[in-house]
Amino acid sequence: MKRLVTSAALMAAALLAGACASVGGGTATWTGVSSAPVATTSHGALRGTAEDGLRVFRGIAYAAPPVGDLRWAPPQPATRWDGVRDASRFGPACVQPPVPAASLYNDPPASTSEDCLNLNVWAPEDAQNAPVIVWIHGGSLRIGANSLPMYDGANYARRGVVFVSLNYRLGPLGWLAHEELSEQSPDGISGNYGLLDQIAALRWVRENIAEFGGDPGNVTVMGESAGALSTTYLMVSPQARGLFDKAIIQSTNLRSFPELSEAANGMPPAERIGSGVLEKLGAADIDAARAMDPQTLTNKATLAGFVPQGTIDGTILPDQLNEIFDRGEQARVPVIVGYNAHEYRPVGGPGLRMPATPEQYEAMIERVYGALTPQFLRIYPHSDGDDALLDATGDIIFGWSGERIAQSQDALGLPAYFYVFDHCYPSARARDLCAFHASEVPFTFGNLDADALPEVWPVPDGPHDRAVSDAMLDYWTSFAASGRPQADGLPAWQPYGSAQHYVRFDDAPLAGRDYKPGMFELHEAFAAQQRAAGRSWGMPAGLNAAPQSDDTE
């Protein structure tokens with residue numbers, strides 16, 4: 001039966017149990033196969049559960065609770081404890097706003113708390129120096145949790161991977177910048193607290209994952225949507241360097257982000273955005289905001305229009321992402337990167353509508369794309385109807401970004417594997433939801449049953465679903481193990497390279513070259529135009545973009 005979660009449960013706070021006392025580190029101790037496994041970490045001993053040949057530990061605190069004075073501060077080390085702490089249950093998710101019940105992405109966690117910096121581990125019972133995958137969930141940096149059924153890591157562990165999923169601070173609690181916070185920081189910066197949480201979790205993995213049978217020298221960071229964006233942040237952040245060895249990036253974006261204290265690219269400074277949020281909250285200063293109830297603060301900031309995102313602070317995020325990739329200063333790691341063929345669909349899409357006539361359509365596009373209009377109309381013709389604008393939006397945000405990362409890693413001589421998820425099944429086709437945003441996630445986890453999915457998600461019901469899922473799991477796990485995605489009896493996945501190789505996941509994996517010719521070049525040229533004009537880039541497309549004549553600062 002599908003679980004029911006009330007708004008009261010969404011607001012509930014649950015704290016991890018355990019006495020706080022000093023204890024030394026040690027070597028992991030696995031008890032008998034059928035009994036509860038015990039592992040000793042650098043903070044203390046944990047008792048997990050034995051589940052069908054796996055050792056599973058849930059709700060492990062990787063940092064101190066970010067509450068009180070630690071709200072809007074970098075994560076601090078977790079407190080050590082004596083005895084054996086229970087790790088059989090998920091910890092609370094981070095505080096987040098409610099989502100409309102009709103949303104595809106409405107899948108509220110069972111409980112939330114400001115004390116939420118916890119992670120989970122799924123490990124084969126006999127794991128030794130196994131490859132490690134660290135999962136970062138999506139949700140617009142606003143919602144989501146490591147405990148959602150879709151993200152159960154058992155299918156990875158059954159394929160020999162030690163799988164880790166983490167929580168990180170969301171919404172204003174994780175991504176607010178403010179001048180007072182910058183003044184309180186030794187580095188003179190603020191924002192990016194959720195990213196610092198992810199870095200702290202990766203440090204915990206490096207220090208402790210051998211205790212669970214994982215290889216700390218073979219860690220793959222994996223994320224989708226906001227998790228993919230987070231993975232991209234980690235690739236450019238000096239603080240994350242050396243903490244992972246490969247990356248799997250599912251539907252990221254390389255848009256422009258606010259800079260800490262200067263207006264740039266048509267956006268106000270992040271600190272000014274934060275000041276505006278406090279005004280709308282009715283908080284006179286940061287002390288007053290720290291005293292607010294976390295759920296009330298989150299709800300009000302969300303209703304006030306706060307958009308959680310990274311801040312270009314010169315330290316954690318040293319520069320705009322595309323600039324760092326252009327200079328080749330990102331992490332030198334192999335990547336799998338890609339997106340879905342129809343990221344935006346009418347349900348949950350940006351509300352774009354095709355003009356009635358080809359002439360009206362051409363005029364609309366010309367106002368935005370100028371000399372690039374012929375290329376745009378060739379790739380997204382009027383005859384495709386609303387799909388043309390919906391697919392253009394998905395391509396400029398996610399397709400362009402994915403190919404750009406593949407090209408950048410290839411330019412450094414690193415393996416980069418590009419994919420497009422284009423699989424559909426009857427329940428999705430009936431709702432015009434083929435290959436929509438995040439629809440690949442249950443396939444990459446092998447969790448296709450209704451109980452694992454959000455309430456209104458189209459449940460996979462096609463004859464090829466399980467085969468597609470198995471193929472993706474095989475490619476993903478082999479990449480985590482060796483840096484090369486391979487699957488027995490399936491097409492060889494060639495690195496992106498000069499031929500622009502890719503694999504498209506339809507009813508089966510299909511290898512090809514140069515997916516959607518001209519798409520990347522069009523959106524690269526458009527982004528360059530926007531940058532040269534001092535405007536933001538990487539998100540607006542079609543009706544949502546500023547006209548070429550706009551003199552936005």
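For the pocket count below, I take Ala, Val, Leu, Ile, Met, Phe, Trp, Tyr, Cys and Pro as nonpolar, Asp, Glu, Lys and Arg as charged, and the others, Gly among them, as polar. The model I am reading is a predicted one.

**Entry 1, second largest pocket.** With those classes I sorted the lining of the second largest pocket and found 17 nonpolar, eight polar and six charged residues. The lining has 31 residues, and those nearest the pocket centre are Pro-74, Pro-75, Gln-76, Leu-196 and Arg-203, while the space inside comes to about 550 Å³. I then looked up which elements contribute, and found that helix H4 (179-184) and H5 each give two or more residues, with H5 supplying the largest share, seven residues.

**Entry 2, the sheet.** I followed the strands across and noted an open sheet of 11 strands with mixed pairing, in the order E3-E4-E8-E10-E9-E11-E12-E13-E14-E15-E16. Strand E3 (49-51) and strand E16 (509-513) are the edges, each pairing on one side only, and the twist from one strand to the next averages 20 degrees.

**Entry 3, helices on the sheet.** I returned to H5, which spans residues 193-208 and packs on the sheet, where it touches strands E4, E8, E9, E10 and E11, and whose direction makes about 165 degrees with that of E9. I also checked helix H13 (residues 386-411), which lies across strand E12 (246-250), strand E13 (335-340) and strand E14 (416-421) and runs at about 165 degrees to E13.

**Entry 4, around E14.** Towards the E16 edge I listed the pairings one by one: E13 and E14 run parallel and are joined by six bridges, E14 and E15 run parallel with three bridges, and E15 (residues 501-505) and E16 run antiparallel with five. Tracing a path through single residues, I found that Gly-338 has Tyr-419 of E14 as its bridge partner, that Tyr-419 stands opposite Val-503 in E15, and that Val-503 in turn has Ala-511 of E16 as its partner. I then asked how many residues of E14 are buried, and the count is six of six. Both faces of E14 are covered, with Ala-416, Phe-418 and Val-420 buried on one side and Tyr-417, Tyr-419 and Phe-421 buried on the other.

**Entry 5, helix H6.** Why is helix H6 largely enclosed by the rest of the structure? I take as buried a residue under 20% relative accessible area, and 11 of the 11 residues of H6 (residues 226-236) are buried, so the helix is largely enclosed. The buried residues of H6 include Gly-227, Ser-230, Thr-231 and Thr-232, as well as Leu-229, Tyr-233 and Met-235.

Methods: Residues numbered from 1 in each chain as written. Predicted model: local features only at pLDDT ≥ 70, side-chain atom pairs only at ≥ 80, totals over all residues. Heavy atoms only, no water. Pairing = 2+ DSSP bridges. Axes fitted to C-alpha atoms, helices over the stretch in contact; angles between N-to-C directions. Contact = heavy atoms within 4.5 Å. Buried < 20%, exposed > 50% of the residue type's maximum accessible area, 1.4 Å probe, protein only. 1 Å grid on protein atoms, 1.4 Å probe; cavity = no way out; pocket = protein on both sides within 12 Å on 5 of 7 lines; lining within 4 Å. Points joined across faces, edges and corners; volume = space filled by probe spheres on them.
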